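Let's take a friendly walk through this protein together. Please have the viewer open and follow along.

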Amino acid sequence: MPTYSFQFEKINLGDLAPSIAQALALAKAACEKAYAPYSHFKVGSAVLLDDGTYIVGSNHENAAYPAGICAERAALSSLDMSNHQRKVEAIVITYQSESEMKDPLSPCGICRQSIAEIQHWQKAPIAIYMCSPLDEIIKVADAKHLLPFGFNNDYLKMD
Ligand code: THU
């Protein structure tokens, strides 16, 4: 039977590349700006672009629950997709919560699809760093591994 496997890395905070450590610091700061009055689950995200700049986002919830947006998509939505001049190298996500569960944050399915969309356009892998409030860090070097058999625009007729 065909199988699919992928590798991930567990990384200590002190072993992060400086640009990723900076992204994690920005993601932590972004958590503080989360608007999460319903879940009390505050997420921060920092996206590292290939020119060394960062964009950040946090989750913004809504009384009409589905209208809320995750931190990853809040950050990625400010990426200029009109010319694809800058590529996304990495996205770092972390959280604060009152729950007992302190595992590294695993992005939701919609965010995985959004990250995959950008990766597909830029034709270069996006690394995902999933972090915990205790600074446990899991790295996946290519976003495709978090969305095997993903849908993309190759299926669509494009002009
Ligand atoms: N959330 C994110 O911001 N990113 C994820 O990858 C998982 C979930 C947010 C959505 C909602 O505001 C809260 O966390 C609880 O689901």
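How do the residues of the lining of the largest cavity divide into nonpolar, polar and charged? The answer is 4 nonpolar, 2 polar and 3 charged. Before going further, please keep in mind that this is a predicted model. The structure holds 1 cavity of 30 Å³ or more, and the volume of the largest cavity is about 40 Å³. If you would like to display its walls, select Leu79, Asp80, Met81, His84, Arg86, Lys87, Val88, Ile118 and Gln122.

Two of those lining residues lead us onward. Start with Met81, which sits in the loop between helix H2 (71-76) and strand S4 (88-96). Its relative accessibility is 31%, so Met81 counts as partly exposed. Besides lining the cavity, Met81 belongs to a nonpolar surface patch of about 630 Å², together with Trp121, Phe151, Tyr155, Leu156 and Met158. A residue needs over 30% relative accessible area to join a patch.

The other lining residue to follow is Arg86, which forms a salt bridge with Asp51, with the closest N and O atoms 3.2 Å apart. Arg86 lies in the loop between H2 and S4, while Asp51 lies in the loop between S2 and strand S3 (54-58), so this pair ties together parts that are 35 residues apart in sequence. Both partners are partly exposed: Arg86 has a relative accessibility of 35%, and Asp51 has one of 41%.

How many salt bridges does the model contain? The count comes to 2. Besides the Arg86 pair, Asp135 forms a salt bridge with Lys28, and here the closest N and O atoms are 2.8 Å apart. Asp135 is in the loop between strand S5 (127-131) and S6 and Lys28 is in helix H1, so this contact ties together parts that are 107 residues apart in sequence. Asp135 is partly exposed at 21% relative accessibility, and Lys28 is partly exposed at 33%.

Another link across the sequence brings in Glu9 and Ile137. These residues are 128 apart along the chain, yet their C-alpha atoms are separated by 8.1 Å. Glu9 lies in strand S1 (residues 9-11) and, at 41% relative accessibility, counts as partly exposed.

Now for the open space. The largest pocket holds about 240 Å³. Its lining is made of 14 residues, and those nearest its centre are Ala116, Lys144, Leu147, Gly150 and Asn152. By class, the lining of the largest pocket has 7 nonpolar, 5 polar and 2 charged residues.

Finally, a look at the backbone. Most residues other than glycine have a negative phi. Which values do His40 and Phe149 take? His40 has a positive phi of about 55 degrees although it is not a glycine, and the phi of Phe149, also positive, is near 60 degrees. His40 is placed in the loop between helix H1 (18-31) and strand S2 (42-49), whereas Phe149 is in the segment after strand S6 (137-140). As for their surroundings, His40 is partly exposed, with a relative accessible area of 40%, and Phe149 counts as exposed at 85% relative accessibility.

Technical notes:
Residues numbered from 1 in each chain as written. Predicted model: local features only at pLDDT ≥ 70, side-chain atom pairs only at ≥ 80, totals over all residues. Heavy atoms only, no water. 1 Å grid on protein atoms, 1.4 Å probe; cavity = no way out; pocket = protein on both sides within 12 Å on 5 of 7 lines; lining within 4 Å. Points joined across faces, edges and corners; volume = space filled by probe spheres on them. Nonpolar A, V, L, I, M, F, W, Y, C, P; charged D, E, K, R; others polar. Patch = residues over 30% accessible without salt bridge, like charges linked within 9 Å, V, L, I, M, F, W, Y side chains within 5 Å. Areas by Shrake-Rupley, 256 points an atom, 1.4 Å probe, with all protein chains shown as cover. Salt bridge = Lys/Arg side-chain N within 4 Å of Asp/Glu carboxyl O. Helix = DSSP H or I, 4+ residues; strand = E, 2+ residues; numbered from the N terminus. Buried < 20%, exposed > 50% of the residue type's maximum accessible area, 1.4 Å probe, protein only.
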